[in-house]
Amino acid sequence: MAKHPAPEVLYPDVAARGSLRAALQALADEGGLSVPFTAEDPGALTYAVTESRLPHRKRLLVNSWVHKRRWSVRGEETAQGLALVQGDTDDLAQVARAAHAWHNGAALGDIRAAAPFVRLTGRFEVPDHDPVRLAESEWQHMRTEAGEQDWPAYRALVEAAYAEPALRALYPFTSHWTLRFSATTRPDLTITGPCLLALGPEEYLVSKGFTGADPLARTTTAREAAAAAVRHLPAGLGPVASGAFDEETGRTAPQ
């Protein structure tokens, strides 16, 4: 097993400040940025967080890499704990700028403008946690993610599924790059309908199982695969419902 350098070796400047929290705070203060950094372990050299003023955003987490000098950030929404922004850089001053924008409630695009290393996941913010809007946001993420892959067949499959109103009305997710659907949002998914797989440039599979088990149809185009999936949807599907978990009752929130 490879042995990673000690944090003090990779990050001597951070160690000199006593913690990543302190190093980030110093950079923010020097830049005139109003943003507080915290950490459960005040002497931690490898992580720090900043809270957001927006109630529908979780805190922004900053992590140090263990095998090379680099930092990553991740900012999530509260409804499902999914990333709105993420990215990595070797410039800690840019991390401070990203944290400042996140903390102060800047629009997602403005966070990227302030710190260009930040990558937008495609998800948009849904402050009221409306499940239909969360499904729309997840479709936007799926399309963004597919567009970033060097896999034209998969990208075509996602776009073809999105073009079908019956599939677009469901909540999309993937298992090992198999496109699947749910009648509820995360975290409590209600899996419904068939699975869609891109096997090759002109080979698509519609199946009951996400590994391709129990095949329902094989097609040569993504559009044909999406149309076949629609034909195998159960009847009576309504709008996407909430899959939020109610900690007080220990059950999924009322739909």
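Phe173 stands opposite Arg180 in β7, and in this predicted model the two strands concerned, β6 (residues 171–175) and β7, pair in the antiparallel sense over five bridges. Two residues lie between the strands of this hairpin, where His176 takes a positive phi near 50 degrees. Strand β7, which spans residues 178–182, is mostly covered, with five of its five residues buried. Thr178, Arg180 and Ser182 point one way from β7, while Leu179 and Phe181 point the other way.

A second set of strands forms an open sheet, with five members in the order β1-β2-β3-β4-β5 and antiparallel pairing. At its edges stand β1 (47–50) and β5 (119–120), each with a single partner strand, so one side of each is left without a neighbour in the sheet. Within the sheet, β2 and β3 pair in the antiparallel sense over six bridges, and Leu60 stands opposite Gly75 in β3. Helix α4 packs on the sheet, where it touches β1, β2, β3 and β4, and its direction makes about 170 degrees with that of β2.

The two pairings described so far can be set side by side.

| Strand pair | Sense | Bridges | Residues opposite each other |
|---|---|---|---|
| β6 and β7 | antiparallel | five bridges | Phe173 and Arg180 |
| β2 and β3 | antiparallel | six bridges | Leu60 and Gly75 |

In soluble globular proteins, nonpolar side chains tend to be buried together. The largest nonpolar core here has 30 residues, of which Val14, Leu20, Leu24, Trp71, Leu92 and Val95 touch the most other members. Two or more residues each are given to this core by α3 (20–30), β2 (57–64), β3 (71–77), β4 (83–89), α4 (92–103) and α5 (108–114), and the largest share, seven residues, comes from α4. Leaving aside its neighbours within four places in sequence, Val14 is in contact with Ser19, Leu20, Ala23, Leu45, Trp71 and Leu92. Apart from this core lies another, of 24 residues, among them Leu157, Leu179, Phe181 and Ala226; Leu179 and Phe181 are the two residues that point to one side of β7.

Is His141, whose place is in helix α6 (residues 131–148), buried or exposed? His141 counts as buried because its relative accessible area is 12%, and the cut-off for that term is under 20%. Not counting residues up to four places away in sequence, His141 touches Thr121, Gly122 and Arg123. The C-alpha atoms of His141 and Leu84 are separated by 9.1 Å, although the two residues are 57 residues apart along the chain.

Key. Residues numbered from 1 in each chain as written. Predicted model: local features only at pLDDT ≥ 70, side-chain atom pairs only at ≥ 80, totals over all residues. Heavy atoms only, no water. Buried < 20%, exposed > 50% of the residue type's maximum accessible area, 1.4 Å probe, protein only. Helix = DSSP H or I, 4+ residues; strand = E, 2+ residues; numbered from the N terminus. Pairing = 2+ DSSP bridges. Core = buried A, V, L, I, M, F, W, Y, C linked by side-chain atoms within 4.5 Å. Contact = heavy atoms within 4.5 Å. Axes fitted to C-alpha atoms, helices over the stretch in contact; angles between N-to-C directions.
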